[in-house]
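Please look over the sequence and the 3D structure shown here. A short report goes with them.

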Amino acid sequence: MIRRVTSWIINSSLGRKPITDWPLAWVYAPSMNAVEFATRNTVASLVALAIAFWMELGEPQWAAMTVWITAQGSRGESLSKGRWRLVGTAMGMIAAVSLLAAFPQAPWLFFPALALWAGLCAGLATVVHNFRSYAFVLAAYTCAIIAMGASSQPDHVFQVAMARGTYICLGVICEMVAGVVFSASLAVKARAFMRTRLIQAISSATAAVYDILREEPPPESDIRAVFSQTLTLNDQIEFTAVEVGHNERAIQCAYATIGILSRIMSRALGLRTRLASVPNRSAVSQDVLIRAAEFLEAMPQRLNDLENVHAARRQLEDLLHLCVQRVQQTLQEEHIEEEEQIAVNDRIALQGVRLLLNEYRDLLTYFAADPTEKLRPEAYRLRHMINWRVAFHNGTRSTVAILLASLIWEVTAWPNGAAFVSFIAVVCGRFATFENTVLVSNKFFYGACAAALASIIPVFLMLPVAPSFGALALAITMPMFVGGLAARNPSTALPAASFSTFFPALLGLDNQGRLNELQWFNSTMALLFGLGAGVIVFKCVLPFDERRVCWIMRDRALNGLRRISRLATKALDENRWIGRNTQSMERLIRYAGTNITPLMDTYLHGTLAVMTIGRNLMHLRQMQNDPGLPSEAAQIIREMFSRIAHHGVTTKRREAEIYRTLEALRVMEHEWPDMEQRLLLTDAIGSLMIVTTELEGNAAFLDTKKFAAGIMSSNAVASGTPS
């Protein structure tokens with residue numbers, strides 16, 4: 001029989017796949033990392049639970065819950081989350097004591113105050129980043145849990161708050177100690193991990209740039225993926241910094257490397273447009289394009305060794321020198337009239353390659369992080385932009401949810417209503433900063449359902465027979481271990497987080513007694529109703545609307561272009577401009593996942609175009625103040641900016657102004673005698689050609705009427721009506 005089953009598996013479709021791709025492979029074929037994570041945190045949670053029982057704490061399950069809540073994939077993440085969890089818990093404790101002290105017998109003053117506090121925390125959680133955001137989220141629902149738990153006995157709120165703080169501190173300490181025991185050479189591993197991730201990001205970006213140099217541009221989804229990867233890596237380096245030190249030179253240079261990588265992708269988009277604008281070129285530029293592509297193809301393999309990095313930097317300098325030589329050659333070959341336009345096209349292409357290679361020179365410089373070189377990493381670091389509109393929506397949603405839950409409790413007088421309000425606060429705060437809140441809150445709800453089912457065996461079968469800590473440990477070890485394995489599997493990570501959090505809570509642990517069946521039922525229903533109501537709130541109160549978000553973000557992008565065009569307004573910094581547009585795209589991509597609709601695709605394509613247009617307009621703004629540029633050309637560029645200052649660059653009249661400027665510079669470049677100044681004129685012409693090409697190719701995004709028509713069509717599709 002066993003032989004037949006084995007033969008069937010080998011000959012079936014499963015047999016042709018690696019075992020790690022089989023269904024539920026994360027259970028029977030987990031990675032060593034997953035096993036280590038599950039073992040470490042299962043042991044830590046049992047130790048925290050044992051200490052809580054030994055200290056005779058009233059609700060010892062909170063210590064075990066805290067271990068799983070704090071546990072993360074890397075030590076830096078765990079340390080950062082543990083630290084900010086302590087901060088958030090302290091804020092929630094203070095807020096809960098203050099609210100009950102201010103409104104001890106006035107529920108309809110207390111509930112609005114609690115709702116406003118939760119809304120304020122949810123809004124601030126959207127403004128800040130990483131686990132600082134988690135601290136505000138925790139402050140919101142810790143306040144709700146403590147205040148609701150002490151609402152029937154306000155005089156005991158301080159004792160409830162201190163007990164909650166004790167559980168949290170105990171759980172965080174146990175998780176940190178377990179992490180130290182299981183981890184060795186923490187700083188060395190963190191640096192190696194950071195360098196590996198940097199090389200992976202550089203390799204992904206360079207593969208896309210290589211295709212552009214070969215004039216076989218990759219799909220835009222690949223380019224957007226690189227931008228997303230840079231943002232994710234920029235966030236993760238903060239956790240590496242926790243392990244090795246924020247001020248270490250390697251960390252600062254890593255931040256700069258990521259910022260330069262985003263600049264390279266932005267520059268590559270400009271080069272793609274530049275090459276498409278000048279298709280008629282000679283071997284003079286084609287040879288440089290081929291050599292640059294060959295250099296980039298081999299570069300990622302040279303990043304593992306510092307000597308090879310220095311060798312790559314020397315080769316890059318030779319390439320840049322060759323670029324300059326070929327540009328000079330194009331200036332000398334214009335004596336033949338029919339070849340003059342080809343020479344200009346060669347110069348435009350070569351200057352685009354030179355700009356790109358200059359970015360790569362900065363990239364390799366900061367990647368090497370040579371201590372003997374004077375570097376300015378802060379100048380290249382990506383900056384996160386604050387979205388106040390999203391913060392307001394998240395705050396409003398949490399406030400409304402708490403008020404509605406409180407009203408339900410008051411109207412129904414449900415004995416478990418306080419827990420119901422607390423769980424709604426948990427789910428609204430927990431997912432306030434996510435984009436696709438409905439999807440993630442659904443998965444969180446499913447994890448809680450799994451925890452409820454898993455708690456049946458220990459509560460109903462094992463603990464009544466042997467009510468001792470040994471029996472408890474035996475009953476809960478395997479479910480917690482499996483939950484730890486699921487947490488390291490990407491497709492089950494979010495439900496697993498909910499399972500690991502709520503499984504200990506549903507056991508109803510106590511030093512003085514055991515949870516009976518009716519109590520289990522009431523507390524489980526309060527949990528599931530609370531989490532389910534949170535899902536409904538996300539669906540009904542200011543839900544994420546892709547059409548509205550696309551429209552708002554498009555307006556922000558075009559307002560940025562208008563700001564760049566105004567003479568009286570200080571232009572945006574390049575890093576902020578790239579980061580702002582990249583974050584807008586990332587928000588929509590996170591919401592959509594793999595389901596990119598035609599409207600989203602139009603928006604994402606248009607945002608890449610706006611990013612490219614804006615960066616080239618910034619370049620022209622800098623050029624108009626260059627003393628090497630002919631004063632006549634500088635005046636022409638100033639007049640162009642002056643004419644488009646009040647109307648932006650997206651209307652037909654303003655496009656005509658840019659075309660006129662382009663033609664005037666072409667004529668001047670053709671007739672100008674000074675070679676160095678002609679090169680600057682060619683540089684300006686190249687930037688204007690990129691701007692005009694992107695304006696022509698993105699009318700569906702830039703033209704308000706066409707974009708509005710796209711949204712109307714999307715609305716019709718969503719509602720099922722004919723457009």
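What follows covers the overall fold, model confidence, salt bridges, two unusual backbone angles and one cavity.

## Overall picture

This is a predicted model. The protein has 723 residues, and 53% of them count as buried. Its secondary structure comes to 29 helices and 0 strands. Many contacts reach far along the chain. Among contacts with a separation of 6 or more, 78% are between residues 24 or more positions apart.

## Confidence

The mean pLDDT of the protein is 81. A value of 70 or more is reached by 87% of the residues. Confidence is highest in helix H12, at a mean of 91. Confidence is lowest in helix H1 (residues 2–11), where the mean is 50. Residues 719–723 have a pLDDT below 50. That stretch makes 4 contacts in the model beyond near neighbours in sequence.

## Salt bridges

The count of salt bridges comes to 22. Three of these pairs are set out below.

| Pair | Closest N to O distance | Location |
|---|---|---|
| Glu220 and Arg224 | 3.7 Å | both in helix H10 (residues 220–244) |
| Arg263 and Glu574 | 3.2 Å | helix H11 (residues 249–277) and helix H23 (residues 574–592) |
| Asp287 and Arg291 | 3.3 Å | both in helix H12 (residues 283–298) |

Take the pair in H10 to begin with. Glu220 and Arg224 are 4 residues apart, about one turn of the helix. Glu220 has a relative accessible area of 14%. Arg224 has 7%. Buried means under 20%, so Glu220 and Arg224 both count as buried.

The pair in H12 has a like spacing. Asp287 and Arg291 are 4 residues apart, or about one helical turn. How exposed are Asp287 and Arg291? Asp287 has a relative accessible area of 25% and is partly exposed. Arg291, at 40%, is partly exposed too.

Arg263 and Glu574 sit in separate helices. Which parts of the chain does this pair tie together? Arg263 lies in H11 and Glu574 in H23, so the salt bridge links parts that are 311 residues apart in sequence. Both residues are buried.

This pair also belongs to a network. Salt bridges with shared partners join Arg263, Arg267, Glu359, Glu574 and Arg615.

## A buried serine in H10

Ser228 also lies in helix H10. Is Ser228 buried or exposed? Its relative accessibility is 13%, so Ser228 counts as buried. What does Ser228 touch, leaving aside neighbours within four places in sequence? Ser228 is in contact with Glu586 and Ile589.

## Two positive phi angles

Most residues other than glycine have a negative phi. Two residues here go against that pattern.

Glu215 is not a glycine, yet has a positive phi of about 60°. Where is Glu215 placed? Glu215 is in the loop between helix H9 (186–213) and H10. At 36% relative accessibility, Glu215 is partly exposed.

Ala413 is not a glycine either, and has a positive phi of about 55°. Ala413 is in the loop between helix H15 (388–412) and helix H16 (417–430). Its relative accessible area is 58%, so Ala413 counts as exposed.

## The second largest cavity

How many cavities of 30 Å³ or more does a search of the whole structure find? There are 6. The second largest holds about 90 Å³ of space.

Its lining is made of Ser266, Arg267, Gly270, Leu271, Arg274, Gly352, Leu355, Arg615, Asn616 and Ile690. Three elements, H11, helix H14 (340–368) and helix H24 (598–623), each give two or more residues to this lining. Which element gives the most? H11 does, with 5 residues. By class, the lining has 3 nonpolar, 4 polar and 3 charged residues.

The cavity and the salt-bridge network meet in two names. Arg267 and Arg615 are among the residues lining this cavity. Arg267 and Arg615 are also among the members of the network.

How values were computed
Residues numbered from 1 in each chain as written. Predicted model: local features only at pLDDT ≥ 70, side-chain atom pairs only at ≥ 80, totals over all residues. Heavy atoms only, no water. Salt bridge = Lys/Arg side-chain N within 4 Å of Asp/Glu carboxyl O. Buried < 20%, exposed > 50% of the residue type's maximum accessible area, 1.4 Å probe, protein only. pLDDT = per-residue confidence, 0-100. Contact = heavy atoms within 4.5 Å. 1 Å grid on protein atoms, 1.4 Å probe; cavity = no way out; pocket = protein on both sides within 12 Å on 5 of 7 lines; lining within 4 Å. Points joined across faces, edges and corners; volume = space filled by probe spheres on them. Nonpolar A, V, L, I, M, F, W, Y, C, P; charged D, E, K, R; others polar.
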